[in-house]
Structures are given as structure tokens and as C-alpha cells.
Amino acid sequence: MDQRIAPNQAAHRYCSPESALDVRTRDRLGQADVVWLAGSAAQATQQPDLSCVIAGVRLRNPFVLASGILGNDAALLERCGEAGAGAVTSKSCGPTPRRGHPNPTVLDWGPGLLNAVGLPNPGARAQAEMLRSARVRLQPLGSVLVASIFADTVANFAEVAGIICEAGPDLLELNISCPNVAHEFGQPFAASATDAAAVTEAVKRVATCPVIVKLAPNVPDIGQIARAVEAGGADAICAVNTMPGMAIDVFSGRPILANRSGGISGPPLKAIAVRAVYEITAAVDLPVIGTGGVTCGLDAAEMIMAGATAVGLGTAVYYRGTEVFGQVEAELREFMVGQGYRNLAEMRGIAHE
Ligand code: RRO
């Protein structure tokens, strides 16, 4: 069986377009209740408001292309805008050009993906050119541009931030959590509250747009890291990056990725990400872009109920194509109509109650 089928089937089961109610609600109710509830809720709430605000920047819908999907190209970012993305995030770029890791860099291991791409990027100056072009293409589409950056030191983070901000992105993402370069750069800044705060503070001194900090899932207390970046001046948090993992070919006895280990994404990451968003939003008041394993509208609702303000889509683009943006928006809208939610704020964080 094509391994990519399984998550798609799961997505369609839970997000059937003809259903005004999710299957779990249907299972709990009798058919007469379902018909009445679907009809009355749909009449009462025809058009829920899916817009949201991240650090003062309004998104037409909560769906954000996660960093590192689809390569690093203005036309590809534009395609996601055309497909309906509320915001798009560029691949993280550093101070100087990098080739990244040798192949194989990405593996579909069945339940999800494993990647160790190794931060390939053209360097900050060339990236700023690409971002200028992306900004011009995205503005008329109503899609927000998030520029993602990384660096090996606090000083270099601030230098890259200065160069990238000249391109005028709407938001700047600090990727302090790449799981695939520890042998070159040491442990990610996201593993230490002190380091995470130091990077945030340094970038905030030079940034000309709001700053999002992207956190790692594999820390003992993600709420503590969130509090540290909030104290450092972060305007928002993206949670989470991929989870370190490994796949071994049992016939050769060798790790499959050239980098040996990689980052797990897709459906296996969702419960980890939902819990991280829940912990972060219990700890700080910052808006959170909940990212990790969201494949359909109900996954997005779950992330928002955990406390997320917006929702990242990464591996979902691999499974469902760029059309996923319009599809998940329709699925979330349908769920909200069925359940009587008029806007995202009515759902946001209700799992904390
Ligand atoms: O390039 C990568 O290997 C990579 C990055 Br920068 C990241 O943040 N997360 C990830 O899973 N892969």
C-alpha cells in the first residue's frame, strides 16, 4: 500500500465535507438530533470569523505554512498564498550560504516523515532578495510573510535579523530549535532557558517587526523556556519544531538518513505539539502558532482548543498538496458551524477550563 494513503484516509474520515458535525459528535447523538443540530447550528452561524491576530499582525485565517516545506523560493511561497494560506514562513536562513546535509535527507517512514535537511540556504543577503520578491507577490493575495532565521551564535542571530528585516517581512521567526545540526553548532538554543532568552533579547534590539521564537518539543519543561523567551521580549511563539528520531534499515543495519538522526513530523507529532501548546499557553500570555502533525480541520480545532492562536501546516502539504490550505479552512469552518462557534476566540484554550 502507498504509505501516503493512510493519513489522507484519516483526514477524510474526520473532515468529511458533507458532514456538518464531526464523526465523534455523530456517534454520541441519535440521527434525529444530528439532523436538528446540524440545521439549527448552520442557520445560526453561517459564516464564522476565522481571522486571528499574531503580535498585532492580522491573518485572514489561522493557517501558516511552516518553515522548510516546499524549498526556498518566492514562487512557491506565492503558491501557498494563492491556495489560501493566512501566512507563509520561509526556510530558515543563516549568515552565509550552506549546502545542507548529503542525501538521503527526507524519509517517509509510514506514520510520518523524518528529515535531516541540514539548513541549506543561500545566506542572509540572497535570502533578503528572495523575501523582497515574496513580499511583493504575497501582499495582493492578503497573505502574511514570516521570515525564518537561524545562526550559530547570539551575535550572528542579531546580524542575520538586521539583514532580513531590511526585506520588510511582516514577522520574523527565530529558529532556535533545529534538531539536525547539534554536531556542528552544539545543543540548540531552545534547550536552555538562558540561551533562548539571550537570542531573543539580542534580536529584539535590532528587529523592526514582531519576533516569533520557535521552540523544541524535546525539553523537560517547555513552559519554562516559554517564560524565558517572553522575558527576553518575544512577541509570539511557534510550537513545536520536529522531534528527534531515527530509522534504521534492518537489512544493512545502517541508519537510513545520511545524518543518521532526523526530525519526526506529521501525525505522530500532533499529540506532542498539542501538549506543548497547552503547557506554553498555561505559562505565558504570548500568542502561539501551534505546529506539529496538523493534517485536517479537526486537528486545527484541537490545536486552537489547546490554546493556539494560529496553526502551522508542514507535512500536511506533503500529504495533501498546496490545496491543503483551502481544504483545512473549509473543514474548520464546517466544524465551527456544526458546533456553533462564531469565531476562533470562542474555541481558543477551552481545554484549559
Ligand atoms: O533543515 C533542517 O534539517 C531542519 C530544520 Br532547520 C528545522 O528547524 N527542523 C527540521 O526538522 N529540519
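This text walks through a predicted protein model, from its overall make-up to its strands, helix H13, unusual backbone spots and ligand shell.

The model is predicted, so local features need pLDDT of at least 70, side-chain atom pairs count only at pLDDT 80 or more, and totals for chains, interfaces and linings use all residues. Residues are numbered from 1 along each chain as its sequence is written.

Start with the whole protein. It has 13 helices and 16 strands. Both are DSSP runs, numbered from the N terminus: helices are H or I with at least four residues, strands are E with at least two. Of the 353 residues, 51% are buried. Buried means that 20 or more other C-beta atoms lie within 10 Å of the residue's own; exposed means 12 or fewer; partly exposed is in between; C-beta atoms are placed from the backbone. Contacts are counted too. Two residues are in contact if their C-beta atoms, placed from the backbone, lie within 7 Å. Among contacts with a separation of 6 or more, 73% join residues 24 or more positions apart.

Now look at strand S9, residues 211-215. Is S9 enclosed or open? All 5 of its 5 residues are buried, so S9 is largely enclosed by the rest of the structure. Both faces are covered. Val211, Val213 and Leu215 lie on one side, with Ile212 and Lys214 on the other.

S9 has pairing partners. Strands pair if DSSP finds at least two bridges between them. Strand S8 (residues 171-175) pairs with S9 in the parallel sense over 4 bridges. Here Asn175 has Lys214 of S9 as its bridge partner. S9 also pairs with S10, again in the parallel sense and over 4 bridges. Ile212 stands opposite Ala236 in S10, and Leu215 has Ala239 as its bridge partner there. S10 is covered on both faces as well: Ala236 and Cys238 are buried on one side, Ile237 and Ala239 on the other.

Follow the chain out of S10. Ala239 is joined to Val240 by a cis peptide bond, with omega about 15°. Val240 lies in the loop between strand S10 (236-239) and strand S11 (243-246).

S11 leads to another sheet. Four strands form an open sheet in the order S5-S6-S14-S11, and the pairing is antiparallel. S5 and S11 are the edge strands, each pairing on one side only. From one strand to the next, the twist averages 35°. The angles behind it run from 0 to 180 degrees between N-to-C directions, with axes as lines fitted to C-alpha atoms, for helices over the stretch in contact. Inside this sheet, S6 and strand S14 (residues 261-265) pair in the antiparallel sense over 3 bridges. Asn115 stands opposite Gly263 in S14.

Several loops deserve a stop. A second cis peptide bond joins Asn103 and Pro104, with omega about -5°. Pro104 is found in the loop between strand S4 (87-89) and strand S5 (106-108). Two residues other than glycine have positive phi: Ala55, near 50°, and Leu119, near 60°. Ala55 lies in the loop between strand S1 (52-54) and strand S2 (57-59). Leu119 lies in the loop between strand S6 (113-115) and helix H5 (124-138). Are these two buried or partly exposed? Ala55 is partly exposed, with 16 other C-beta atoms within 10 Å. Leu119 counts as buried, because 21 C-beta neighbours lie inside 10 Å.

Next comes helix H13, residues 324-339. Its expected span is 1.5 Å times one less than its number of residues. For 16 residues that gives 22 Å, and the end C-alpha atoms are 22 Å apart, which agrees. H13 is mostly covered, with 12 of its 16 residues buried. Among them are Val324, Phe325, Val328, Leu332, Phe335 and Met336. The buried set also includes Glu329, Glu331 and Glu334. Just after H13, Gly340 takes a positive phi of about 80°.

Finish at the ligand. Which residues are closest to the ligand? Of the 14 residues that surround it, the closest are Val117, Cys178, Asn180, Thr242 and Gly263. A residue is near a molecule if its C-beta atom, placed from the backbone, lies within 6 Å of it. By class, the shell has 5 nonpolar, 9 polar and no charged residues. Nonpolar covers Ala, Val, Leu, Ile, Met, Phe, Trp, Tyr, Cys and Pro; charged covers Asp, Glu, Lys and Arg; the others, Gly among them, are polar. Gly263 links two parts of this tour: it is one of the closest residues to the ligand, and it stands opposite Asn115 from its place in S14.
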